[in-house]
Amino acid sequence: MLGAVQTACFVMAAVGAFYLLNKRHEEYDRIFVKGGVLVGAIAAVLQLFPTGDVQGKLIANHQPVTLAAMEGLFRSEMGAPIVILGQPDMQNLKLDNPLQVPKMLSFLTYRIWSANIRGLDAFPEDQWPDAIPLLYFSYHVMVGLGTIFIAVMLLAALLHWSGKLHSARWMLWTLMLCVPFPYIANTAGWMTAELGRQPWLIYGLMRTAHGISPRVGAGNVWFTLIGFMGMYMVLGILWLFLIYREIELGPDPGNPPAREESIAVAAH
Ligand code: HEM
């Protein structure tokens, strides 16, 4: 839900930034930018703490092998580090070029610096998620983008409070160019959840491989999949077109808010 709020905030702030940079509808875009940035800053922080933090603890308790794969932790460790960068090497079961913060994973998970975190080696290989590198990268893309969102939104909020946001063109450009990234972060989050639950359909009880319907042939599945892809592509293109048209049209020119009114609306 916070992912959706953040996305909406980035879109709102970006539309406002676009109007400000183009000197159009300036009486409205102050509401867009201010509203998007202030709510976005709160949502970005809440996404990391408490919600992201709580999600992480839930996974540690209920899907420990998923946590190990997400974090690229191949061996169990007391005082396990958190990995900022690095590539999982599935041949040699290690992380290449790691950039880590020592003991941080243990602390974040159990609030104890020396706590033992079970790595992939603590679990039978047939219980490991199937696509560990993709899972690892999805998770790191989501958290990396989440961290960047916090920085961008807090900086924009600070500029707003010091009264400099509307003249800081570099920040308006940043807000505008950030629009695709919340969509990418949401997709990466969804991939983390779905790849992380593999190889289970019902965790620990029923494997995905046992969930197939023997009566549905591969051709049927391809047909449905391609049909859905086509439908979503049409909807996506239509959506882009409609959004573009709405932004070009701008807010209703017949009823611009007075300066005081716009501040009251934003506060509300
Ligand atoms: C700021 C740091 C973040 C942390 C620590 C974090 C942590 C997590 C964790 C642990 C999961 C659970 C994966 C699972 O259930 O297996 C998750 C899922 C998810 N995250 Fe994040 N996340 C962060 C940022 C973000 C951002 C910025 C977005 C989007 C704007 C996002 C969107 C999602 C989505 C859509 C899911 C999937 C939920 C589901 O399908 O159950 N996350 N996140």
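What follows is a set of questions and answers on how the terms used for this structure apply to its values.

Me: What kind of model is this, and how are its residues numbered?

Reply: The model is predicted, with local features needing pLDDT of at least 70 and side-chain atom pairs counting only at pLDDT 80 or more, while totals for chains, interfaces and linings use all residues. Residues are numbered from 1 along each chain as its sequence is written, and side-chain values use heavy atoms, with hydrogens and water left out.

Me: How many helices and strands does the chain have?

Reply: The chain has 9 helices and 6 strands. Each is a DSSP run, numbered from the N terminus: H or I of at least four residues for a helix, E of at least two for a strand. The C-alpha trace spans about 65 × 50 × 30 Å along its principal axes. Contacts (heavy atoms within 4.5 Å) between residues at least 6 apart in sequence join residues at least 24 apart in 68% of cases.

Me: What makes helix α3 mostly covered?

Reply: In α3, residues 64–71, 8 of its 8 residues are buried, where buried is under 20% relative accessible area, exposed is over 50%, and partly exposed lies in between (1.4 Å probe, protein chains only). The buried residues are Pro 64, Val 65, Thr 66, Leu 67, Ala 68, Ala 69, Met 70 and Glu 71. For the whole chain of 268 residues, the buried part is 36%.

Me: Which elements pack against the buried residues of α3, and which residue follows the helix?

Reply: The packing partners are the helices α2 (26–62), α4 (104–110), α5 and α7 (180–196), together with the strands β2 (82–89) and β4 (116–117). Gly 72 follows α3 and has a positive phi, near 65 degrees.

Me: Why is Met 12 called neither buried nor exposed?

Reply: Met 12 has a relative accessible area of 34%, and therefore counts as partly exposed. The residue lies in helix α1. Beyond its neighbours within four places in sequence, Met 12 is in contact with Ile 31, Phe 32, Gly 35 and Gly 36. One of these, Gly 35, is 23 residues from Met 12 along the chain, and their C-alpha atoms are separated by 7.7 Å.

Me: How do you know which class Tyr 110 belongs to, and what does this residue touch?

Reply: The relative accessibility of Tyr 110 is 37%, so the residue is partly exposed. Tyr 110 sits in helix α4. Residues up to four places away in sequence aside, Tyr 110 touches Ala 60, Asn 61, Ala 115, Asn 116 and Ile 117. From Tyr 110 to Lys 57 the C-alpha to C-alpha separation is 7.9 Å, and the two are 53 residues apart in sequence.

Me: Which residues of α5 and α6 meet, and how do they divide by class?

Reply: On the α5 side are Val 152, Leu 155, Ala 156 and Leu 159, which meet Trp 170, Met 171, Thr 174 and Leu 175 of α6. The contact of α5 with α6 has 7 nonpolar residues, 1 polar and no charged. Here Ala, Val, Leu, Ile, Met, Phe, Trp, Tyr, Cys and Pro count as nonpolar, Asp, Glu, Lys and Arg as charged, and the others, Gly among them, as polar. Thr 174 is therefore the polar residue of this contact.

Me: Which peptide bonds to Pro 50 and Pro 199 are cis or trans, and where do these prolines lie?

Reply: The bond from Phe 49 to Pro 50 is cis, with omega near 10 degrees, and Pro 50 is placed in helix α2. The bond from Gln 198 to Pro 199 is also cis, with omega near 5 degrees. Pro 199 is found in the loop between α7 and β5 (200–202).

Me: What is the sign of phi at Lys 23 and at His 25, and where do these residues lie?

Reply: Lys 23 has a positive phi of about 55 degrees although it is not a glycine. His 25, likewise a residue other than glycine, has a positive phi near 50 degrees. Lys 23 is in the loop between α1 and α2, and His 25 lies in that loop too.

Me: Why do Lys 23 and His 25 fall into the accessibility classes they do?

Reply: Lys 23 has a relative accessibility of 61%, so Lys 23 counts as exposed. His 25 has a relative accessible area of 23%, and is therefore partly exposed.
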